[in-house]
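The exercises below are meant to be worked with the sequence and the coordinates open side by side. Try each task before reading its solution.

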Amino acid sequence: MTVRGEKARRGDKLQIICDRTWPDGKRFRRVMPNRKVAQEVDALIQAAITLGTWRDLRKGFEHGSCGDMSIQQYADHYLEAYCKVRNKSWKRKEDSLRHIKRLLGKKGLRDMELRDAHVFVAKRLGEEVKAATVNRDITVLKHMFEFALDEGILKTNPIARIKKLKEHREERRRVTEQQIRKILRHLLFPVKQIVIFILETGCRPSEALRLKHEHVQIEKQTVILNLRKGGDNALVALTSRAVEAMLEVPPLPGCPYVFWNPKTGTRYERINETFRRAR
């Protein structure tokens, strides 16, 4: 099926995608304003392939509005057409795209050169961000141009040869049990219980915050964490302390989450700031 609906990662918004492969193997994939337009474009491509005029049609697409886009405009398209559709971590990419648009946004997509990418890296380093952060921005920038290549908007990736920065990893001090006890004394319900659960299970904060009652088997002292980074389910055995922390947070009627925010009546989005203040 070459015309289909795909849910964006944010909310329940449905995007209409026209997804075709040209006879030479290159891909045409665009987000369309509605299904009717998508079907018309799809039929146009099919007719051009049948008549053998598809190269001219593709050239027209390449030199149309997409080809004339600025980097800022194409970054918005890339976020909607690829990141939100295919990446669970699209918000991290959205953050990189914000800096890309801020520093490179006015430049035309087809006018991008390798030296522009080097200037971008230098400016980001000048903002005193870590090399690891800049490397994530480079990854997003390179992939955005690869996506433009796949869509047939560009014929080459002008920044394919840019290399990542060398990262200097500092070994952090291990937190002692005494320090943990001090921090826990300054955490209130139910953030205290969330932190204890994370400490006892070794799960990511996001996994604890998204944990639902349906994933918990108290009698077996296990939980299923199905939101892991790799996408696989993980059956995790619970310590008595982890079970105790969960039982200290009573179920909230109408809320499926184990750990819920008393202010909103649903799960926490993050507890970073609360933990930082306690620390």
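**Exercise 1. Determine how strands S2 and S3 pair, and describe the turn that joins them.**

Solution. Begin with the strands, which are DSSP runs of E of at least two residues, just as helices are DSSP runs of H or I of at least four residues, both numbered from the N terminus. Strand S2 covers residues 14-21 and strand S3 covers residues 27-32, and the two run antiparallel, joined by 6 bridges; strands are said to pair if DSSP finds at least two bridges between them. To fix the register, take Asp-19, which stands opposite Arg-29 in S3. Finally, look at the turn: the hairpin of S2 and S3 leaves 5 residues between the strands, and Gly-25 in that turn has a positive phi of about 95°.

Before continuing, note that this is a predicted model, in which local features need pLDDT of at least 70 and side-chain atom pairs count only at pLDDT 80 or more, whereas totals for chains, interfaces and linings use all residues. Residues are numbered from 1 along each chain as its sequence is written, and side-chain values use heavy atoms, with hydrogens and water left out.

**Exercise 2. Work out the strand order of the open sheet that contains S4, S5 and S6, and identify its edge strands.**

Solution. Strands of a sheet pair through backbone hydrogen bonds, either parallel or antiparallel. Here the order of the 3 strands is S4-S5-S6, with antiparallel pairing. The edges are strand S4 (216-217) and strand S6 (234-237), each of which pairs on one side only. Next, check each pair in turn. S4 and S5 pair over 2 bridges, and Gln-217 has Thr-222 in S5 as its bridge partner. Strand S5 (residues 222-225) is joined to S6 by 4 bridges; Thr-222 stands opposite Ala-237 in S6, while Leu-225 has Ala-234 as its bridge partner in that strand.

**Exercise 3. Find where Gln-221 and Glu-128 lie, and decide what is notable about phi in each.**

Solution. Most residues other than glycine have a negative phi, and most peptide bonds are trans. Gln-221, in the loop between S4 and S5, has a positive phi near 55°, and the hairpin to which it belongs has 4 residues between the strands. At 31% relative accessibility Gln-221 counts as partly exposed, the cut-offs being under 20% relative accessible area for buried, over 50% for exposed and in between for partly exposed (1.4 Å probe, protein chains only). Glu-128, in the loop between H5 and H6, likewise is not a glycine and has a positive phi of about 60°; its relative accessibility is 75%, so Glu-128 counts as exposed.

**Exercise 4. Locate the cis peptide bond that involves Pro-190.**

Solution. The bond joins Phe-189 and Pro-190, with omega about -5°. Pro-190 lies in the loop between helix H7 (177-185) and helix H8 (191-201).

**Exercise 5. Are Asp-116 and Arg-124 buried or exposed, and what does each contact?**

Solution. Asp-116 is found in helix H5 (residues 114-126) and, with a relative accessible area of 15%, is buried. Neighbours within four places in sequence aside, Asp-116 is in contact (heavy atoms within 4.5 Å) with Leu-104, Lys-107 and Asp-111. Arg-124 is also found in helix H5, and at 3% relative accessibility counts as buried. With neighbours within four places again left aside, the contacts of Arg-124 include His-99, Arg-102, Thr-133 and Asp-137. The C-alpha atoms of Arg-124 and Ile-100 are separated by 9.7 Å, the two residues being 24 apart along the chain.

**Exercise 6. Describe how helices H3 and H6 are arranged, and classify the residues of their contact.**

Solution. The axes, which are lines fitted to C-alpha atoms over the stretch in contact, with angles from 0 to 180 degrees between N-to-C directions, come within 10 Å and cross at roughly 85° for H3 (residues 71-86) and H6 (residues 131-150). The two helices are therefore roughly perpendicular, a label for angles of 65 to 115 degrees, where under 35 degrees is roughly parallel, over 145 roughly antiparallel and the rest oblique. Among the residues that make the contact are Tyr-74, His-77 and Tyr-78 of H3 and His-143, Met-144 and Phe-147 of H6. The contact residues divide into 11 nonpolar, 2 polar and no charged, where Ala, Val, Leu, Ile, Met, Phe, Trp, Tyr, Cys and Pro count as nonpolar, Asp, Glu, Lys and Arg as charged, and the others, Gly among them, as polar.
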